[in-house]
Amino acid sequence: MTPPDAPPGVGAVLAIDLAAIVANWRTLSARHRGGPVAGVVKADAYGLGARQVAPALHKAGCRHFFVALLEEALLIRPLVPGALVGVLNGLLPGSEADFVAHDLTPVLGSLAEVDRWVAAGRQAVGRQATGQRAGRKLPGILHIDTGMARLGLDQRELATLQQDHARLGGIDLQYIMTHLVASELAGDPLNEQQRVRFQAACGALPPARRSLANSSGIFLGDGWDSDLARPGAALYGINPTPGAANPMRQAVRLTARVLQVRDVAAGESVGYNATWRASRPSRVATAALGYADGWHRSLSDRGTAYFDGRPVPLVGRVSMDLTTFDVTDHPTVGPGAWLEMIGPACTPDDVAASAGTNGYEVLTSLGRRFHRVYGTPVYGTPVYGAPVYGAG
Ligand SMILES: *Cc1c(COP(=O)(O)O)cnc(C)c1O
């Protein structure tokens, strides 16, 4: 049976539940008492489509968005009118004019970026009635490094700025922010260390609103609340509290079509390099997705799909366009059946555990060849034909 909205030639269907993403944003907003909750939609909204996710969140009331790159910001800017669009990777030389023209907010991660943004403000046309080039303060976010050591002002640059507040004088400072290193590990002493460092850093800077928590940071406790939280992963259903029950709703379902089913005699091998051999007379189904679709090769001989709510073991190597499954115990699986690859029973975090990575990488790897459907599938109902989805 073909998913009702999938063209006949489609190999796999990726259904993205925008209502679940919005519900997750509301859950996080209720939880974060310090202030509003942004939507981090970098990397094409963690692979799920910034073009769809950003306006859905905006419609729900989200007024702060973060991306990594200028190009990502330009994509969503017209979709989220009036909202702050922050660019986490900062202000690359030469991009100042684009930031000004499109009302984008750079996350300034070094004194050089601060100085360049001030200079850009002097060049910008002011709002004075005379129409003269009077310059204006441009909105910026100041990024302080409290332990990540990737981006943000280091201790030396921070000290310089703390002694020379005037250097920020030309900037409309929206927030001072930092990024947590290990927030998914609630007991990690790094969390407290960063919280204390951030407080100290902000205390000696001009007064400004603060932004601290990512997804997991929102669950660390009131001490990690701030004027603006910046979750990404949890919006998309990744568990921000690993080891405990997932408070987020699943937002993704991936189903792949079975192309062929064949009998494999005991002792015969399946796939490249014959890494799997049938230990009994077996039936093997070949499904239409592979590592070119972000179905990681490290899932070879380890992954699990679901059919009728029951697990189906992945056997043999994952190849570029195809993956094979042992359906010996699933006699109703035939050509044209749909196997669930990601869903309530096999979440991105579950897939990640089998693949030796994290849910972030599973989502951001999801391929461009999938037929994408945006909407609100009803779990437990066989929307896409044969598979019946577990209650989660
Ligand atoms: C990606 C990112 C986030 C979002 O992190 P999640 O763990 O996905 O919630 C927040 N802040 C910064 C600086 C980031 O780079």
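**Exercise 1. Cysteines**

How many disulfides does the count come to? Then work out whether Cys62 and Cys346 are buried or exposed.

*Solution.* Keep in mind that this is a predicted model. Start with the rule: a pair of cysteine sulfur atoms has to lie within 2.5 Å. Apply that here and you end up with zero disulfides. Next, take the two cysteines against the cut-off for buried, which is under 20% relative accessible area. Cys62 has a relative accessible area of 0%, so Cys62 is buried. Cys346 comes out at 4%, so Cys346 is buried too.

**Exercise 2. The nonpolar core**

Find the largest nonpolar core and say where it lies relative to domain 1 and domain 2.

*Solution.* Step one: the largest nonpolar core holds 107 residues. Among those with the most contacts inside it are Ile21, Leu142, Tyr236 and Trp295. Step two: this core lies between domain 1 (18-236) and domain 2 (251-374), because both give residues to it. Step three: don't miss the second, separate core, which has six residues, including Val264, Ala278, Val284 and Val315.

Now pick one residue, Leu254, and list some of its neighbours.

*Solution.* Leu254 is another of the residues with the most contacts inside the largest core. Leaving out residues up to four places away in sequence, Leu254 touches, among others, Val13, Leu289, Trp295, Met341 and Phe370.

**Exercise 3. Where the domains meet**

Describe the interface of domain 1 and domain 2, from the centres down to the polar contacts.

*Solution.* First, the C-alpha centres of domain 1 and domain 2 are 39 Å apart. The contact takes eleven residues from domain 1 and eight residues from domain 2. Second, the area buried between domain 1 and domain 2 is about 900 Å², with carbon and sulfur atoms giving 68% of it. On the domain 1 side, Tyr46, Gly47 and Leu48 supply 47% of the area buried against domain 2, more than any other three residues. Last, the polar side: there are zero salt bridges between domain 1 and domain 2, but three residue pairs are in polar contact across their interface.

Definitions and conventions. Residues numbered from 1 in each chain as written. Predicted model: local features only at pLDDT ≥ 70, side-chain atom pairs only at ≥ 80, totals over all residues. Heavy atoms only, no water. Buried < 20%, exposed > 50% of the residue type's maximum accessible area, 1.4 Å probe, protein only. Core = buried A, V, L, I, M, F, W, Y, C linked by side-chain atoms within 4.5 Å. Domains from an automatic or database assignment. Contact = heavy atoms within 4.5 Å. Buried area = accessible area lost by both parts, 1.4 Å probe. Salt bridge = Lys/Arg side-chain N within 4 Å of Asp/Glu carboxyl O. Polar contact = N/O pair within 3.5 Å; in protein donor to acceptor, adjacent residues only side chain to side chain.
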